[in-house]
Amino acid sequence: MIDFELSEDQKALQKTVREFAQAEIAPHSRRWDNESHFPHELIPKLGALGLLGMTTPEEYGGSEMSMLDVALVIEELAAVDGSVAITVASHNGLCSGHINLFGSEDQKRRYLPDLASGRKLGAWGLTEPSSGSDAAGAKTRATRLEDGSWSLSGQKTFITQGSVGGVAVILAVTSPEKKQRGITAFLVDYGTPGFAASRRIEKMGLHASDTAELTLDDVRVPDSQRLGEIDSGFIDTLRILDKGRITIGAMALGLGAGAMQAAIRYAKERRQFGKSLAEFQAIQNMIAQAVMELDASRLLLQRAAWMHDQGLRFGLQASMGKLYAAQAAMRACNTAVQIHGGYGYTREFPVEKAMRDAKLCEIGEGTNEIQRLVISRELLSKGDLVVPGVI
């Protein structure tokens with residue numbers, strides 16, 4: 001049976017997050033962006049609402065939401081502010097998510113309650129200056145010492161929450177000869193000698209999201225800080241990224257939807273040649289095309305989230321949803337700017353910010369090009385032309 005209706009609890013969650021975003025984020029979003037201000041003051045409020053523990057079980061202080069619930073939350077946040085959305089998404093899906101999936105019981109009890117409450121923010125370090133999509137090119141090394149502890153040295157870049165985090169998951173090479181299959185994850189607390197955020201990175205968009213480089217100079221950690229099995233870090237990461245593609249897709253969807261909502265309001269109010277822009281067929285066609293693509297994105301992403309929640313393989317569907325949503329969001333934001341005309345190119349209206357923010361969604365959690373590789377390889381490996389459906 002196909003049922004596209006959200007449950008009453010999910011509708012209530014949407015409404016709660018939407019009202020929260022309008023009250024606590026919207027009035028400050030432009031200032032945070034202009035000042036590149038990370039909204040520390042918002043973090044306790046996000047924690048109190050349960051939005052920093054969405055992937056964390058209740059026994060560790062989390063709200064333990066389904067993947068579909070998480071996607072709904074990220075979409076609502078992104079419709080108002082992309083920086084807040086990516087902060088919440090990365091904190092939940094990458095750092096907390098990695099600990100929850102692969103951490104020991106001791107690690108979960110030590111870290112997850114603080115992460116779920118917002119007492120600590122989590123960072124996650126895979127990308128390096130010389131390796132992005134090519135994890136086999138990573139140069140950060142973890143060397144086993146005689147006493148069983150580890151020494152980590154290297155550099156990470158484009159790390160969300162990089163300079164404001166309390167703990168970071170660091171992926172380091174432990175068996176160079178195995179390439180990407182020789183990578184291990186470690187938990188590194190901020191304040192550990194040799195571990196530091198070297199600089200914040202200035203970006204095209206998402207100015208209120210903290211992005212930084214991390215340096216590790218002979219960082220000593222005990223084996224109890226190893227996260228998962230030795231050399232299994234990259235394999236574990238693939239599971240993390242599949243889920244992350246749903247949330248980044250939801251972020252793209254929210255950014256595109258927010259931009260189109262602004263464009264529709266503007267089209268109704270702005271008058272040219274004696275009538276509103278909304279009365280022109282060309283504008284109507286632009287709105288119809290953009291909203292249709294966003295709605296198709298929503299269905300793709302919700303299918304992937306549903307498959308995750310049913311315990312089914314969902315990597316292919318997550319890549320499809322993320323890719324399509326990222327492209328649809330960029331087209332929608334471009335349409336929204338175009339409808340605003342010259343005003344859309346100024347900072348007086350929110351659509352230019354949405355367009356800058358949305359570009360990240362075509363890059364983060366695997367570029368558009370990587371998504372096409374994932375999709376095509378999955379389909380070609382099946383040996384038939386039937387695209388798997390689930391509903």
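# Notebook: cavities, a pocket, two helices and a hairpin

**Entry 1, the largest cavity.** I began with the lining of the largest cavity, and by class I counted five nonpolar, five polar and one charged residue there. I note at the outset that I am working from a predicted model. My search of the whole structure gave three cavities of 30 Å³ or more, and the largest of them holds about 60 Å³ of space. I listed its lining as Met54, Thr55, Met67, Val70, Val88, Ala89, Asn92, Gly93, Lys243, Gly244 and Thr247. When I sorted these by element, H4, helix H5 (82-102) and H7 each gave two or more residues, and H5 gave the most, with four.

**Entry 2, the second largest cavity.** I then turned to the second largest cavity, where about 50 Å³ of space lies. Its lining, as I wrote it down, consists of Ala71, Leu72, Glu75, Ala250, Leu253, Arg298, Leu301 and Gln302. At least two of these residues come from each of H4, H7 and helix H8 (281-309). By class I have five nonpolar residues, one polar and two charged.

**Entry 3, the second largest pocket.** Which residues lie nearest the centre of the second largest pocket? I have Gln22, Ala79, Val80, Gly258 and Gln261 in that position, out of a lining of 29 residues. The elements that give two or more residues to this lining are helix H1 (8-25), helix H2 (29-35), helix H4 (67-78), helix H7 (233-269) and helix H10 (351-358). H7 gives the most, with eight residues. I put the space in this pocket at about 570 Å³, and I divided its lining into 12 nonpolar, six polar and 11 charged residues.

**Entry 4, helix H4.** I looked at H4 next, since it supplies residues to the lining of the second largest pocket and of the second largest cavity. H4 has 12 residues and reaches 16 Å from its first C-alpha to its last, which is close to the 16 Å expected at 1.5 Å a residue. How many of the residues of H4 are buried? I counted 12 of its 12 residues as buried, and I recorded the helix as mostly covered. The charged side chains caught my eye in that list, which includes Asp69, Glu75 and Glu76 as well as Met67, Leu68 and Val70.

I followed up glutamate 76, which lies in H4. Its relative accessibility is 8%, so I count glutamate 76 as buried, the cut-off being under 20%. I also looked for a partner, and the side chain of glutamate 76 makes a polar contact with the side chain of arginine 18, at 2.6 Å.

**Entry 5, helix H7.** Why do I regard H7 as largely enclosed by the rest of the structure? I do so because 29 of its 37 residues are buried. I checked its length as well: at 1.5 Å a residue, the 37 residues should span 54 Å, and the end C-alpha atoms are 53 Å apart, so the two values agree.

Within H7 I picked out phenylalanine 234. At 16% relative accessibility, phenylalanine 234 counts as buried, because the value is under 20%. I also took one distance from it: the C-alpha atoms of phenylalanine 234 and glycine 50 are separated by 29 Å, while the two residues are 184 apart along the chain.

**Entry 6, strands S2, S3 and S7.** Lastly I went through the pairing of the strands, starting with S2 (residues 141-144) and S3 (residues 150-160), which pair in the antiparallel sense over four bridges. Residue by residue, I found arginine 141 opposite serine 153 in S3, and alanine 142 has leucine 152 as its bridge partner in S3. The hairpin of S2 and S3 has five residues between the strands, and there I noted that glycine 148 takes a positive phi near 95°.

Which strand is joined to S3 by eight bridges? I have strand S7 (residues 211-221) in that place, and S3 and S7 run antiparallel. For serine 151, I recorded arginine 220 as the bridge partner in S7.

How values were computed: Residues are numbered from 1 along each chain as its sequence is written. This is a predicted model: local features need pLDDT of at least 70, side-chain atom pairs count only at pLDDT 80 or more; totals for chains, interfaces and linings use all residues. Side-chain values use heavy atoms; hydrogens and water are left out. Two strands pair if DSSP finds at least two bridges between them. On a 1 Å grid over the protein atoms alone, a cavity is a set of points where a 1.4 Å probe fits but cannot get out, and a pocket is an open set with protein on both sides within 12 Å along at least five of seven lines; lining residues have an atom within 4 Å of a point. Grid points are joined across faces, edges and corners, and a volume is the space filled by probe spheres set on the points. Ala, Val, Leu, Ile, Met, Phe, Trp, Tyr, Cys and Pro count as nonpolar, Asp, Glu, Lys and Arg as charged, and the others, Gly among them, as polar. The expected span of a helix is 1.5 Å times one less than its number of residues. Buried means under 20% relative accessible area, exposed over 50%, partly exposed in between (1.4 Å probe, protein chains only). A polar contact is a pair of N or O atoms within 3.5 Å; within protein, one must be able to donate a hydrogen and the other to accept it, and residues adjacent in sequence count only if both atoms are side-chain atoms.
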